[in-house]
Amino acid sequence: MKRWKTWGSILFFSLFLFGLAACGGKEEAADADGNGLKDSYTVATDTSFVPFEFKEDGEYVGFDIDLINAIADEVGFEINLETTNFDGIIPGLQTGQFDIALAGIGITEERKKSIDYSDPYYESGLRIGVKNDNEEIKGVEDLEGKTIATRLGSTSSAYIKENIDGAEANEYEQLDQAYLAVENGSVDAVLYDAPNVAYYIQTKGEDSLKMVGDLYEAENYGIAFAKDQEELVKAVNEALETLKENGKYDEIYEKWFGEKPE
C-alpha cells in the first residue's frame, strides 16, 4: 500500500510539472505568434447615416462599412457588427459592450475623456438644409431664434446650443425624422454633417429641400475605441495609412462620394 501511494505521488507530481510546462509553452507560443490583438471585435454603428452606413436590400453598406472591412482584412481580425442609435455608441464603448465604433463620429476633446480615437479618416463640417421655397434663411446668422432639427447626441446639436442665439435644437434619433420635420414645416431648418445633408438632398429630398450657407465647424471623423486598447488603435492606424498609400482608401471614397479625396 505504501509503495502504491509513493508511485501515485510521483505520477501526480510528474503530471503537474508536465501541465505547467504545457501551459508555459502555450503562453510562449502566443507571445511569439500574437500581437496582443483578438481574433474578432464587436463594431458598433448607426445605420441611419447615409452614405457612411445604411441598410440596403437587407445588407449594411456605406463608406464606413467598406472602410472598417478593409481595415479588418489588413490587420487580420473578424468583425461582429452591431447597430444602435448614435447616442448609444459612446456609452456602449464605455461599458465594454462594443470594442470599436464608427458612424461619422466627430473627434472632440470632450469625447476623448471617455473613448479613444484613430487618426482622422474623413474631414467634414456642418451644412444647413431648408425647404426649397424658404428665402428667409441663407446662412447660420439667419437661424437665430429658429427651431432647428438635428441628430440626438451629435456635435451639431452642441453647436446649435452653444453658438446660435435663441435657437431651439429639436433632436431626433433617426436622421430621416430630422429631414421630414423640415419638409412638413414643424421645424425651420436642419443643421447636420455636410456629407449627410448633401446626400439626402441629392436623393430623397431633391424636390423638397436645398442647402444654404457655407460649410461650418470643420471637423474630423475618427474611428472610436473603448479605452485601454493601445495595440488595437496602433494596428488600425497602421492599416489606415496602408490603405491610403496603396489606393484602396481612394477607391472606397470615390465609390461613395463620386470623387477622390483632395
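These notes go through the sheet, the cores, one buried acid and the salt bridges of a predicted model.

1. The open sheet. Five strands make up an open sheet, in the order β5-β1-β6-β13-β7, and the pairing is mixed. The edges are taken by β5 (78–83) and β7 (116–117); each has a single partner strand, so one side of each is left without a neighbour in the sheet.

2. Strand β1 and its partners. β1 pairs with β5 in the parallel sense over 6 bridges, and in that pairing the bridge partner of Y41 is I79. β1 also runs parallel to β6 (residues 100–101), to which 2 bridges join it. On the β6 side, V43 stands opposite I100, and A44 has A101 as its bridge partner. Helix α2 packs on the sheet, where it touches β1, β5 and β6. The direction of α2 makes about 155° with that of β5. Of the 6 residues of β1, 5 are buried, so the strand is largely enclosed by the rest of the structure.

3. The largest nonpolar core. This core has 45 residues, and those that touch the most other members are F63, L67, I71, I100, Y121, Y179 and I223. At least two residues come from each of several elements, among them β1 (40–45), α2 (63–75), α6 (175–183) and β12 (209–221). The elements that do so also include α8 (230–246) and α9 (248–257). I100, named above as the residue opposite V43, is thus worth viewing together with the sheet.

4. F63 within that core. Which residues does F63 touch, not counting those up to four places away in sequence? They are P51, F52, Y121, Y122, Y249, I252, Y253, W256 and F257. Y121 in this list is itself one of the residues that touch the most other core members.

5. A second core and helix α5. There is also a second, separate core of 15 residues, which includes I128, I148, I160 and I164. I160 belongs to helix α5 (residues 155–163), where T155, S156, S157, Y159 and I160 are buried. The cover over the buried residues of α5 includes α4 (109–112), β8 (122–131), β9 (147–151) and β10 (168–172). β11 and β12 are also included in that cover.

6. D193, a buried acid. D193 lies in strand β11. The residue is buried yet has no salt bridge. How far away is the nearest side chain of opposite charge? That side chain is R151, at 6.1 Å, whereas a salt bridge requires nitrogen and oxygen within 4 Å. Leaving aside neighbours within four places in sequence, D193 is in contact with F49, G104, S124, G125, L126, E219 and Y221. A reader checking this site should note that E219 is among these contacts.

7. D207, an exposed acid. D207 sits in the loop between α7 and β12. Its relative accessibility is 71%, so D207 counts as exposed. D207 and K131 are 76 residues apart in sequence, while their C-alpha atoms are 9.2 Å apart in space.

8. The K227–D116 salt bridge. The model has 12 salt bridges. In one of them K227 pairs with D116, the closest N and O atoms being 3.0 Å apart. This pair links distant parts of the chain: K227 is in the loop between β13 (224–225) and α8, D116 is in strand β7, and 111 residues separate them. K227 counts as partly exposed, at 35% relative accessibility. D116 thereby belongs to a strand at the edge of the open sheet.

9. The E171–K161 salt bridge. E171 and K161 form a salt bridge whose closest N and O atoms are 3.5 Å apart. E171 lies in strand β10 and K161 in helix α5, so the pair ties together parts that are 10 residues apart in sequence. E171 is partly exposed at 31% relative accessibility, and K161 is exposed, with a relative accessible area of 56%.

10. A salt-bridge network. E135 and K138 meet through their side chains in a salt bridge of 3.7 Å, N to O. Both residues, E135 and K138, are exposed. Together with K210 they are linked in a network of salt bridges.

Technical notes. Residues numbered from 1 in each chain as written. Predicted model: local features only at pLDDT ≥ 70, side-chain atom pairs only at ≥ 80, totals over all residues. Heavy atoms only, no water. Core = buried A, V, L, I, M, F, W, Y, C linked by side-chain atoms within 4.5 Å. Buried < 20%, exposed > 50% of the residue type's maximum accessible area, 1.4 Å probe, protein only. Helix = DSSP H or I, 4+ residues; strand = E, 2+ residues; numbered from the N terminus. Contact = heavy atoms within 4.5 Å. Lys, Arg positive; Asp, Glu negative; His and termini not counted. Pairing = 2+ DSSP bridges. Axes fitted to C-alpha atoms, helices over the stretch in contact; angles between N-to-C directions.
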